[in-house]
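Subject: Handover of a structure and the findings on it

Dear colleague,

Please find the structure below, followed by an account of what was found in it. I would be grateful if you read the text with the structure open beside it.

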Amino acid sequence: GGYLHVAIAPCGSALCGNIKAAYDKAGKEISDYEHKGKKMIWDMNADGDNYYSGGKIWAPDADKTYSSKMTLSGNKLTVKGCVAGGLICRGQTWKRVN
């Protein structure tokens, strides 16, 4: 029921995202979150027109890494991760934090 603050920034020629903070469902920061600082997104390449692919995303709730792609639309980032050649996929839409 909580959520994460993931800071996405350039890392070499790609984009990466690190977990900056975790919050419970009431919005209170979880200061001792065990994965704080961990890389969650890496090797994400810009394809143009706000599409990104070729990277990986780690899902802390399942402790699994997926092949990933992302689409940015305004302040919303749609993130999708797949395994087994795209047969099993998960996705979320994230909101930009100011």
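D43 is partly exposed, because its relative accessible area is 43%, which lies between the limits of 20% for buried and 50% for exposed. This residue is found in strand β3, and its phi is near 60°, a positive value in a residue other than glycine. Please note that the model is a predicted one. Why does a positive phi deserve mention? Most residues other than glycine have a negative phi.

D63 also has a positive phi, of about 50°, although it is not a glycine. D63 lies in the loop between β4 (51-59) and β5 (64-73). Is D63 buried or exposed? It counts as exposed, because its relative accessibility is 57% and the limit for that class is over 50%.

The overall fold

The protein has 7 strands and 0 helices. Along the sequence, the pattern therefore contains strands alone and reads β-β-β-β-β-β-β. The C-alpha atoms fill a box of roughly 35 × 30 × 25 Å, taken along the principal axes. How does the radius of gyration of the protein compare with that of a compact globule? For 98 residues, a compact globule would have a radius of gyration near 13 Å, and the protein has 13 Å, so the two agree.

Of the 98 residues, 27% are buried. The protein exposes about 6,500 Å², and carbon and sulfur atoms supply 48% of that area. Among the contacts with a separation of 6 or more, 22% are accounted for by residues 24 or more positions apart. As for charge, there are 14 positive and 9 negative side chains, and the centres of the two sets lie 3 Å apart.

Buried positions

Three buried residues may be examined in turn. G17 has its place in strand β2. Its relative accessible area is 0%, so G17 is buried. Which residues does G17 touch, not counting those up to four places away in sequence? They are V6, A7, I8, K38, K39, M40 and I41. With one of these, V6, the C-alpha to C-alpha distance is 5.8 Å, although G17 and V6 are 11 residues apart in sequence.

H35 lies in the loop between β2 (14-23) and β3 (39-48). A place in a loop does not by itself tell you how H35 should be classed; its relative accessible area of 17% does, and H35 is therefore buried, the limit being under 20%. Leaving aside its neighbours within four places in sequence, H35 is in contact with I19, W58 and P60.

A59 is found in strand β4. A59 is buried as well, because its relative accessible area is 11%. Its contacts, again leaving aside neighbours within four places in sequence, are K64, Y66 and R90. A59 and K95 are 36 residues apart in sequence, and their C-alpha atoms are 17 Å apart in space.

An aromatic pair

How many aromatic pairs are there? The count comes to 1 aromatic pair. The ring centres of Y3 and Y23 are 5.1 Å apart and the ring planes stand at 20°, so the pair is stacked, the limit for stacking being under 30 degrees. The pair links distant parts of the chain, since Y3 belongs to strand β1 (residues 3-11) and Y23 to strand β2, 20 residues apart. Y3 is partly exposed, with a relative accessible area of 45%. Y23 is partly exposed too, at 21%.

A loop residue

Where is N75 placed? Its place is in the loop between β5 and β6 (76-83). Not counting residues up to four places away in sequence, N75 touches W94, K95 and R96. N75 and D61 are 14 residues apart in sequence, and the distance between their C-alpha atoms is 24 Å.

To begin your own reading, you may wish to find D43 in strand β3 and then D63 in the loop between β4 and β5.

Yours faithfully,
A colleague

Definitions and conventions. Residues numbered from 1 in each chain as written. Predicted model: local features only at pLDDT ≥ 70, side-chain atom pairs only at ≥ 80, totals over all residues. Heavy atoms only, no water. Helix = DSSP H or I, 4+ residues; strand = E, 2+ residues; numbered from the N terminus. Buried < 20%, exposed > 50% of the residue type's maximum accessible area, 1.4 Å probe, protein only. Contact = heavy atoms within 4.5 Å. Rg over C-alpha atoms; globule rule 2.2 N^0.38 Å. Areas by Shrake-Rupley, 256 points an atom, 1.4 Å probe, with all protein chains shown as cover. Lys, Arg positive; Asp, Glu negative; His and termini not counted. Charge placed at Lys NZ, Arg CZ, Asp CG, Glu CD. Phe/Tyr/Trp six-rings, centres within 6.5 Å; stacked < 30°, edge-to-face > 60°.
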